[in-house]
Amino acid sequence: MKAFLDEDFLLSSETAKWLYHEYAKKLPIVDYHCHINPQEIYENRRFENITQLWLEADHYKWRLMRSNGVEEDYITGKASDWEKFEQWAKTLELAIGNPLYHWSHLELKRYFGYQGHLCGETAKEVWELCNEKLKGEEFSARGIIERSKVQLLCTTDDPADTLEWHERLKEEESFKVQVLPTWRPDRALSLEKTDYLDYLQKLEKASGEKIASYNDLLEALRIRMDFFAEMGCCLSDHGLAYVYYAPAAGQQIEEIFAKRLAGELPSKEEEAQFKTAFLIAMGKEYCRRGWAMQLHFGVKRDNSRRVFSKLGADAGIDCISNYTPSDQLVSFLDSLDITRELPKTILYSLNPVDNAAIGTVIGCFQTSCTPGKIQQGSAWWFNDHKAGMQEQMTSLANLGVLGNFIGMLTDSRSFVSYTRHEYFRRILCDLMGGWVEKGEYPADEKSLERIIKGICYNNAVRYFGWEKA
C-alpha cells in the first residue's frame with residue numbers, strides 16, 4: 001500500500017516520476033487567471049487563523065459543507081472561526097475522491113508542514129499548528145505568493161475598476177512578482193440585468209465618456225482598455241451562459257440599446273443580438289491590441305434563490321449547463337476569422353461533454369502566426385479534478401497538439417491555491433508517463449522535456465508574450 005501523499009503522489013510509473021521530479025516540479029508558476037484581490041496583495045494581508053485563509057471566500061468548500069448537512073451559520077454565518085473550521089474538518093474526512101481532499105492536504109503539507117490528515121479528531125491539532133505558523137512573515141499574502149514560486153499572476157477586473165492597487169503594486173520595487181489586470185466586461189455585456197443602467201453610470205465616470213448610444217458604450221470601453229493596457233493587461237475574460245451568434249444590423253443594435261437606456265428590458269432575441277454584436281466588437285479590439293480572449297461558458301449560475309437572496313453571487317450555487325451550442329460558437333469565431341480579426345482565443349466549457357466538440361472547433365481556426373492560437377483551456381471548475389484533467393488532456397491530445405497546450409491556472413480566491421499547479425503537473429506527468437510506458441510514445445528525453453516544460457510554463461509565457469516576465 002502506498003503512503004498517502006508521498007513524494008510520488010499520483011505518479012504511477014517510473015517515467016511519470018522522472019518527468020515530474022526532473023522537469024515539472026522545478027518550474028515557476030505563471031497564473032494567468034485568478035480571482036485574488038489585488039488590494040490584499042498590496043496591503044500584504046495577514047491572516048489571524050486558518051479559517052480566514054481557507055474558508056472566508058471559498059465557495060467550493062461552502063458547497064461541500066452544505067452537501068454534508070452543515071448549517072449555514074457554520075459556513076458563512078455568525079459561528080466562530082474555530083467552529084467553522086471544525087465543521088470543515090468533519091466534512092473533509094468524508095470527501096474521499098473529491099479534489100478538495102487532495103488540494104487541502106497538499107496545502108497543509110506544503111505550506112504548514114503537516115504530515116497527517118485532517119478530520120474531526122485532528123481538527124484542534126491542525127487549527128493550533130496552522131494558526132501558530134500564520135504568525136510568521138512568510139505567511140503574509142506576498143510571502144505566500146513568493147514562496148509558491150509565482151512569477152506572474154493575473155487578477156480579474158471590471159472595466160470600471162480604478163486599478164488603484166495594480167498601479168501601486170507596479171511601483172512597489174520590493175515585490176518582484178508581476179500582478180497584472182485582466183479585462184472582464186461581463187457587466188457591460190449584461191444589458192438584461194436590472195442594475196445595468198446603474199453600471200453604465202459607473203462606466204461613464206471611469207471613462208469620462210457620456211454613454212448615450214451603443215457606439216458611445218464601445219468608445220467608453222476602448223478608453224478603459226487603453227488604461228488597462230498601460231497597467232500591463234494583455235488578456236480578457238468573458239463569463240457566458242454560451243457563446244452567442246445572432247447577428248443583426250448595426251442600426252438594430254443601436255435601437256436595442258436605446259430601448260434599454262429608456263428603461264425597457266430586452267427580449268431574449270434582442271439580448272442574444274446585442275451580446276453577439278458586443279462580443280464581436282470586443283474580439284476585434286483584442287485582435288488589434290494583440291490581447292488574448294478567454295471565453296468561459298456552459299454554466300448556469302445562482303440557482304438557489306434562497307441562498308442568492310442572502311449571499312449574492314459566487315456562493316456555491318452554480319451548476320453545469322447542458323446548453324452549449326457548438327454551431328453558434330463556430331459561427332462566432334468564423335465571423336472574426338473571415339476578416340482576419342480573430343484574436344488568440346481560449347475556450348473553456350463547464351460541461352465535460354464539450355471536450356471533443358471544442359477539440360475539433362479549435363482545429364478549424366488555427367493559423368501559422370502562433371502555435372496553438374486557438375486553445376482549449378484547462379479543465380475548469382467542476383472538472384479540475386483528476387478524472388476531469390485526464391479527460392480534457394486526453395481529448396485534446398486525441399484531436400489536436402497537446403504539446404502546445406498552455407496548461408493550468410488556479411481560478412481561485414485563495415492565496416494557498418498554488419498547489420493546484422502541482423496537482424495538475426503530477427496528473428500531466430502521470431498521463432504522459434503512462435503513454436511512454438505502454439510504448440505509445442518513445443522515451444525521447446529531449447522531446448518529453450520540451451513538452452512537459454512547455455505545458456507547465458513555457459507555452460503560457462510565449463502565448464501571452466511574457467518572455468521577459
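Start by selecting Ser378, Ala379, Trp380, Trp381, Asp384, Met408, Leu409, Thr410 and Asp411, the residues that line the largest cavity. The model on screen is a predicted one. The space enclosed here comes to about 40 Å³. By class, this lining divides into five nonpolar, two polar and two charged residues. The structure holds two cavities of 30 Å³ or more, and the other is the next stop.

Keep Met408 selected, as Met408 also belongs to the lining of the second largest cavity. Add Val30, Ile406, His421, Ile455, Cys456 and Ala460 to complete that lining. The volume of the second largest cavity is about 30 Å³. Colour helix H20 (residues 445–463), which supplies the largest share of this lining, three residues. Six residues of the lining are nonpolar, one is polar and none is charged.

Now switch to a cartoon view and select strands S4, S5, S8 and S9. These four strands form an open sheet in the order S4-S5-S8-S9, with parallel pairing. Go to the edges of the sheet: strand S4 (235–239) and strand S9 (374–376) each have a single partner strand, so one side of each is left without a neighbour in the sheet. Looking across the sheet, the twist averages 15° from one strand to the next.

Zoom in on S5 (residues 292–297) and S8 (residues 344–349). These parallel strands are joined by six bridges. Which residue of S8 stands opposite Met293? Select Thr345 to see the partner of Met293 across the two strands.

Next, show helix H14 (residues 268–289). Helix H14 lies across S4 and S5, and runs at about 165° to S4.

The last two stops are in loops. Select Asn44, in the loop between helix H2 (38–42) and helix H3 (50–54). Phi of Asn44 is near 55°, a positive value in a residue other than glycine. Is Asn44 buried or partly exposed? With a relative accessible area of 21%, Asn44 is partly exposed; the cut-off for buried is under 20%.

Finish at Arg340, which sits in the loop between helix H16 (326–337) and S8. Here too the backbone has a positive phi in a residue other than glycine, with phi of Arg340 near 60°. Arg340 counts as exposed, at 76% relative accessibility.

Technical notes:
Residues are numbered from 1 along each chain as its sequence is written. This is a predicted model: local features need pLDDT of at least 70, side-chain atom pairs count only at pLDDT 80 or more; totals for chains, interfaces and linings use all residues. Side-chain values use heavy atoms; hydrogens and water are left out. Two strands pair if DSSP finds at least two bridges between them. Axes are lines fitted to C-alpha atoms, for helices over the stretch in contact, and angles run from 0 to 180 degrees between N-to-C directions. Contact means heavy atoms within 4.5 Å. On a 1 Å grid over the protein atoms alone, a cavity is a set of points where a 1.4 Å probe fits but cannot get out, and a pocket is an open set with protein on both sides within 12 Å along at least five of seven lines; lining residues have an atom within 4 Å of a point. Grid points are joined across faces, edges and corners, and a volume is the space filled by probe spheres set on the points. Ala, Val, Leu, Ile, Met, Phe, Trp, Tyr, Cys and Pro count as nonpolar, Asp, Glu, Lys and Arg as charged, and the others, Gly among them, as polar. Buried means under 20% relative accessible area, exposed over 50%, partly exposed in between (1.4 Å probe, protein chains only).
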